[in-house]
Amino acid sequence: METAFISQVKGLLASAKSIVIITHHNPDGDAIGASLALWHYLKKCDHKPEIVVSSDFPDFYKWMKGADSIKIATKERALCEKLIAEADLIFCLDFNMPDRIESLTDSLIKAKAKIVLIDHHQAPTDFATLTHSQTNTSSTSELIFDFISGMGDESKVDVDIATAIYVGIITDTGSFSYNCDYPNTYAVTSKLFAQNINGEEIHHRVYNTFSESRLRLLGYCLSQKLTIVPELATAYISITKEEMKRFDFSNGDSEGIVNYGLTIKGVKLAALFSERTGHIKLSLRSYGNLNVGVIARKHFDGGGHKNASGANIYKSLDEAIAEFLKILPLYKEYLA
Ligand code: 5GP
Ligand code: MN
């Protein structure tokens with residue numbers, strides 16, 4: 001991490017009295033992992049940071065130390081808005097456009113605090129005081145390790161910080177199966193294991209604690225809801241609200257389902273459409289050179305990475321799928 005960025009953040013930390021860490025809506029493992037790692041680190045530096053999120057996150061991340069201190073706007077909106085308004089330093093982690101924090105966007109835009117952004121998505125917008133945007137990394141969690149290291153504080157990385165960073169790295173790389181070709185990821189991971197983190201237990205807690213209904217929802221999606229477009233190397237799944245209700249859907253239950261499309265021989269693009277209140281949540285995954293971050297930004301006002309992206313589509317489920325199928329041929333050179 002650039003020394004100029006580190007020394008400027010040091011300057012801001014020196015005078016900061018109230019620090020808030022914010023991460024994106026529907027936080028995933030990297031969002032929560034990076035936030036908790038930074039939170040533990042700042043506490044060790046005698047700060048009193050607070051983590052604020054716009055929506056709740058899945059139970060399979062709640063076992064992480066400190067997760068019960070995270071303030072969730074859907075449960076404590078007034079407190080979250082007050083913390084943002086009164087902060088003098090805000091860290092924005094794992095997102096790079098203000099509207100990614102949905103109902104807290106206005107609070108962030110109006111905040112008097114200096115803003116430090118640390119993120120790994122494509123196409124950052126320029127809203128922070130200081131920005132470290134790096135796409136050639138596994139995750140924001142890896143960047144938090146680099147940040148702590150840059151601060152000269154690698155010795156402060158303990159088992160709680162290391163565990164949170166490891167969760168971010170494995171969830172953003174599908175356990176080292178994509179976005180995982182950076183030597184630094186393994187150098188950092190090696191240092192995490194030097195803190196005696198328990199890789200087997202972490203994997204179990206993140207991936208093997210689903211409900212029975214979630215597994216049955218996955219089975220139903222794969223057997224009944226998967227559509228293949230062979231001439232365009234595409235597989236997609238759609239889930240209606242009624243189906244989610246039928247399978248007792250809870251937060252995080254759709255996580256990972258989109259990836260199954262890519263396990264079919266020849267498929268290079270996988271999509272998941274899930275019906276939410278007032279919009280369709282689209283998840284895109286690709287294998288190879290097709291940049292789904294560009295597709296999400298260009299056609300659906302979303303964003304993300306080269307091989308994993310998403311968007312909210314303010315249309316019906318059928319209209320969203322029709323729109324997707326209409327734009328697919330534009331990318332046929334990648335989908336042959
Ligand atoms: P997922 O499909 O797992 O929700 O998201 C995949 C990637 O796309 C993540 O890195 C996530 O941050 C990004 N992403 C998902 N939805 C949106 C969206 O609505 N807007 C933007 N800008 N990025 C999104
Ligand atoms: Mn991430």
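In the predicted model, K225 and E243 are both buried. The two residues form a salt bridge, in which the closest N and O atoms are 2.8 Å apart. K225 is placed in the loop between α9 (212–224) and β7 (226–229), whereas E243 belongs to helix α10 (residues 241–246), so the salt bridge ties together parts of the chain that are 18 residues apart in sequence.

Further salt bridges are found elsewhere in the protein, and the count comes to 15. One of them joins the side chains of K44 and D158, with an N to O distance of 3.1 Å. This pair links distant parts of the chain: K44 lies in helix α2 (residues 29–44), D158 lies in the loop between α5 (140–150) and α6 (159–172), and 114 residues separate them. K44 is partly exposed, its relative accessible area being 37%. Another salt bridge connects the side chains of D153 and K156, at 3.5 Å from N to O. In this pair D153 is buried, with a relative accessible area of 14%, while K156 counts as partly exposed at 24% relative accessibility; the cut-off for burial is under 20%. Salt bridges with shared partners also occur, and they join D56, D59, K62 and K75 into one network.

R276 presents a contrasting case. This residue is buried yet takes part in no salt bridge. The nearest side chain of opposite charge is that of E255, at 8.9 Å, and a salt bridge requires a nitrogen within 4 Å of a carboxyl oxygen. R276 is located in the loop between β9 (269–275) and β10 (280–286). With neighbours within four places in sequence left aside, the contacts of R276 are N26, K241, M244, F249, S254 and K281.

Over the whole protein, 35 side chains are positive and 41 are negative. The centres of these two sets lie 1 Å apart.

An uncharged buried position is provided by F91, in strand β4 (residues 89–93). The relative accessible area of F91 is 0%, and the residue is therefore buried. When residues up to four places away in sequence are not counted, F91 touches V9, L13, I19, V20, I21, I22, L38, L42 and V116. Between the C-alpha atoms of F91 and P49 the separation is 9.8 Å, although the two residues stand 42 residues apart along the chain.

With respect to overall architecture, the protein contains twelve helices and twelve strands. Its radius of gyration is 20 Å, close to the 20 Å given by the globule rule for 336 residues, so the protein is as compact as a globular protein of that length. Along the principal axes, the C-alpha atoms fill a box of roughly 55 × 40 × 40 Å. Of the 336 residues, 53% are buried. Among contacts with a separation of 6 or more, 66% are made by residues 24 or more positions apart. The accessible surface amounts to about 14,900 Å², and carbon and sulfur atoms account for 51% of this area.

Terms used. Residues are numbered from 1 along each chain as its sequence is written. Chains are lettered from A and ligands numbered from 1 in the order in which they are written. This is a predicted model: local features need pLDDT of at least 70, side-chain atom pairs count only at pLDDT 80 or more; totals for chains, interfaces and linings use all residues. Side-chain values use heavy atoms; hydrogens and water are left out. Helices (H or I, at least four residues) and strands (E, at least two) are DSSP runs, numbered from the N terminus. The radius of gyration is taken over C-alpha atoms; the globule rule is 2.2 Å times the number of residues to the power 0.38. Buried means under 20% relative accessible area, exposed over 50%, partly exposed in between (1.4 Å probe, protein chains only). Contact means heavy atoms within 4.5 Å. Accessible areas come from the Shrake-Rupley method with a 1.4 Å probe; for residues, only the protein chains shown count as cover. Lys and Arg count as positive and Asp and Glu as negative; His and the chain ends are not counted. The place of a charge is taken as NZ of Lys, CZ of Arg, CG of Asp or CD of Glu.
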